[in-house]
Amino acid sequence: MNKVVVAMSGGVDSSVAAALLKEQGYDVVGMMLRLWSEPGKEDSNRCCTPDSMAQARRVAAKLDIPFYVIDAKDVFHNTVVQYFLDGYARGETPNPCLICNRQIRWTFLLDHALALGAEFMATGHYVRIKRTEDGKSELLRAVDRSKDQSYVLHVLNQEKLKHALFPVGDYTKPEIRQIAEKYGLPTATRKDSQDLCFLAGEDYRNFLQRNAAEMLQEGEIVTLDGRVLGRHNGLANYTIGQRKGLGVASPVPLYVITKQAVSNTVVVGTLDQLGSRALTAHDVNWVGGEAPRESFRAEVKIRYTAREAEAVVTPVNNGEQVRVRFDAPQRDITAGQAAVFYQGDVMIGGGIIV
Amino acid sequence: MIYLDYSATTPVDSRVVDAMSPYFSTSFGNPSSIHRYGQIAEAAIDSARESVASILNCAPDEIIFTSCGSESDNLAIRGAAYAMREKTGAKWILASRAEHPAVTKTLLHLEKYEGFLIEWLDVNERGMVTSEIVSKAICGDTAIVSVMYANNEIGTINPIKEIAQLCRSNQILFHTDAVQAAAYLPLDVQVLGIDMMSLGAHKFYGPKGVGALYVRKGTPLISHLTGGGQEFNLRAGTQNVPYIVGLAEALRLTNEEREQRADHVRPLRDKIIGTVLETIPDSQLTGDLESRLPHHASFVFQNMDGNLLLTLLDAAGFACSSGSACKTGNPEPSEVMNAIGISRAWGLGSLRVTLGVHTTPADVDAFLKVLPDLVMKARMLNVKGQVAR
């Protein structure tokens with residue numbers, strides 16, 4: 001029997017993933033990571049609190065599968081949380097879930113799963129994996145487009161994908177909830193969680209205030225041609241494309257165009273100055289393993305919640321970077337977020353916007 | 001699956017189950033009832049009490065049945081502390097740093113909420129409380145000394161006969177937690193010279209949920225669970241007749257088979273200790289090598305997460321435990337590790353392997369075959385975890 005470790009969070013998706021795999025005849029083992037949380041806030045983290053751990057343990061007991069907890073506090077803090085802080089320090093808007101998926105789930109946890117003798121690791125991500133005739137793995141968007149999580153998995157390479165299983169991606173969310181109820185899993189009615197897991201349910205700005213106050217230094221708000229319009233209360237408090245809360249008097253609406261870390265300035269402009277047709281992304285991962293030689297058309301997502309936009313993607317520097325040229329201007333191209341390219345349902349790859 | 005965690009708990013001997021059965025359905029009466037049902041139930045616990053008393057070499061009314069070893073510890077320590085304070089004003093309690101949490105937490109409670117003063121006796125690097133250490137610490141104001149007969153984490157057997165003598169000559173009450181020791185060590189309370197002794201059935205092939213406390217006649221003790229006056233007014237609550245019968249039967253069998261059980265496990269334990277120290281680099285035995293429970297092997301492995309090793313072992317089919325085990329994946333080295341001077345780099349990597357009647361030489365060989373590899377894997381994962389970036 002094939003042994004698979006299911007990464008469990010106590011939530012309905014990973015619970016159902018475990019149930020489905022057991023149904024399919026796999027030898028299933030449940031595993032959960034003890035992640036980092038701020039001292040004193042262990043109970044309020046969205047993921048991996050003692051409470052959600054108890055939940056996951058119950059699910060494992062109901063499915064009659066072994067369940068283990070692995071300590072990942074230090075490695076999580078040193079990679080994911082640190083990446084988050086470093087990103088803001090650079091004036092970017094980082095997406096730490098990308099690092100968590102690559103380094104924590106699909107490296108650290110995968111290593112543990114393999115050490116246990118498992119051939120596969122599964123998560124409750126809404127994504128599909130397809131094995132092609134030439135022994136490769138393709139990542140496809142989930143059947144339920146509204147829940148599709150392929151975006152955060154663009155960091156996975158063939159080496160990791162050959163061990164991956166994603167049972168949930170073939171179902172819609174309502175179907176998943178039904179399956180949970182069918183199995184009597186205690187997670188059937190839990191609300192979906194959206195925000196960063198280590199923020200303990202708080203605003204990310206409070207977190208930065210407590211852990212990296214130096215990033216919330218006041219600075220100037222300037223126009224594209226350098227005119228000072230006002231003061232900002234810390235670069236991390238602003239996002240690209242933001243209109244409200246600028247505190248600047250202006251006859252026309254102004255939007256945050258970019259954030260300059262070096263000069264600690266927020267650059268604002270009008271709506272037509274906001275849009276851009278192009279971006280560059282680095283740290284690109286090509287899911288198929290090799291960068292295409294030539295430009296190709298793709299639907300590109302520039303943040304997790306964004307709609308895909310038609311564009312031409314040009315690999316640069318042997319595919320380590322890409323230049324993306326959109327058919328229509330995009331409003332909030334944000335450094336630190338990922339640009340992920342799709343062709344139909346297939347995810348070709350992605351990189352971090354500079 | 002191969003079970004190597006007998007110090008955590010043991011399976012109930014089928015002879016014990018047989019002895020218990022009638023008291024669930026046929027002879028189910030409440031021992032306090034006047035009628036025949038009650039009389040039969042009472043007779044059962046009286047017989048159980050006599051049986052336990054004869055093994056401990058004490059009078060039946062010196063045995064109190066409780067729900068577990070932890071409750072026995074609580075009753076002994078709280079009960080004697082309040083009584084001694086009332087009687088003589090003495091309010092110092094001495095206990096070793098390596099006691100079971102049922103003793104240490106109780107003492108911390110007494111300190112915080114009741115104004116008792118606790119002094120913690122050091123243990124040597126092999127976890128032993130010597131009588132020198134005790135004699136240095138006792139004074140006129142000492143009410144009670146509590147030192148465990150044998151340590152659950154590291155297997156060390158303490159010289160409680162000497163400590164008891166020391167306490168006796170200073171008119172100080174001496175309690176010993178014998179929960180771990182009872183499976184293998186002699187329990188004659190006159191020979192040992194102790195005032196109170198805690199037992200828990202599930203460590204010697206009896207059921208979980210029943211324990212006993214020996215209290216020498218004349219020992220001041222104030223009850224903990226108050227109510228219907230059962231157990232000589234010292235422990236209220238309708239007695240758990242079948243389980244008490246079970247405890248007595250399990251203890252009887254343990255007493256009879258003590259030698260042969262020890263002879264069975266000792267060579268297997270020695271093989272484990274010898275092989276581990278030989279084949280696994282950066283490994284140490286914890287606890288005393290000679291003055292040690294015959295079934296107990298415990299180690300620390302440097303630079304490794306003990307929890308993770310247990311997970312790998314379980315996945316490989318071996319059930320063991322660890323001093324720093326924590327189900328929520330948030331491990332810290334145990335107090336005992338700190339008390340014997342083990343540093344954090346070693347203390348987080350503890351492993352306890354304890355054997356029992358069902359352990360076979362083949363089990364031990366299979367275990368020794370996989371352990372070195374799994375320790376290596378756990379070490380590698382530890383390193384990877386630190387450099388993932």
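# Exercises on a predicted two-chain model

**Exercise 1. Which strands of chain B does helix 5 lie across, and where do these strands belong in their sheet?**

Solution. In this predicted model, helix 5 of chain B (residues 101–114) lies across strand 3 (92–96), strand 4, strand 5 and strand 6 of chain B, and runs at about 155° to strand 3 of chain B. The next step is to place these strands in their sheet, which is open, has seven strands in the order 2-8-7-6-5-3-4 of chain B, and shows mixed pairing. Strand 2 (63–66) and strand 4 (117–121) of chain B each have a single partner strand, so they form the edges and each keeps one side without a neighbour in the sheet. Between neighbouring strands of this sheet the turn is 20° on average, with direction ignored.

**Exercise 2. Describe how strand 5 and strand 6 of chain B pair, and say which helix touches both of them.**

Solution. Begin with the pairing: strand 5 (residues 142–146) and strand 6 (residues 173–177) of chain B run in the parallel sense and are joined over three bridges. Within this part of the sheet, B:Val145 has B:Phe174 of strand 6 of chain B opposite to it. Then turn to the packing, where helix 7 (residues 160–169) of chain B touches strand 5 and strand 6 of chain B, its direction making about 160° with that of strand 6 of chain B.

**Exercise 3. Trace the partners of strand 17 of chain A, and decide whether this strand is mostly covered or mostly exposed.**

Solution. Strand 17 of chain A (residues 346–353) is mostly covered, since seven of its eight residues are buried under the criterion of 20 or more other C-beta atoms within 10 Å. One partner is strand 12 (residues 276–286) of chain A, which runs antiparallel to strand 17 of chain A and is joined to it by four bridges; here A:Trp286 stands opposite A:Gly349. Another partner is strand 16 (residues 338–343) of chain A, also antiparallel, with six bridges, and in this pair A:Tyr342 is bridged to A:Met347. Strand 16 and strand 17 of chain A form a hairpin with two residues between the strands, in which A:Gly344 takes a positive phi near 65°.

**Exercise 4. How many residues of domain 1 of chain A are in contact with domain 3 of chain A, and which strand gives the most to that side?**

Solution. The domain assignment first sets the bounds, with domain 1 at 3–199, domain 2 at 217–270 and domain 3 at 275–353 of chain A. The C-alpha centres of domain 1 and domain 3 of chain A are 25 Å apart, and 19 residues of domain 1 of chain A touch 18 residues of domain 3 of chain A. On the side of domain 1, strand 6 (residues 137–141) of chain A gives the most, with four residues, and by class that side divides into eight nonpolar, seven polar and four charged residues.

**Exercise 5. Which residues have the most contacts inside the largest nonpolar core, and which helix gives the most to this core?**

Solution. The largest nonpolar core has 237 residues, and A:Val4 and A:Met121 have the most contacts inside it. Helix 10 (residues 241–279) of chain B gives the most to this core, with 12 residues. Looking closer at A:Met121, and leaving aside neighbours within four places in sequence, its contacts include A:Val4, A:Val5, A:Leu109 and A:His163.

Note on methods
Residues numbered from 1 in each chain as written. Chains lettered and ligands numbered in written order. Predicted model: local features only at pLDDT ≥ 70, side-chain atom pairs only at ≥ 80, totals over all residues. Core = buried A, V, L, I, M, F, W, Y, C linked by C-beta atoms within 7 Å. Buried ≥ 20, exposed ≤ 12 C-beta atoms within 10 Å, placed from the backbone. Contact = placed C-beta atoms within 7 Å. Pairing = 2+ DSSP bridges. Axes fitted to C-alpha atoms, helices over the stretch in contact; angles between N-to-C directions. Domains from an automatic or database assignment. Nonpolar A, V, L, I, M, F, W, Y, C, P; charged D, E, K, R; others polar.
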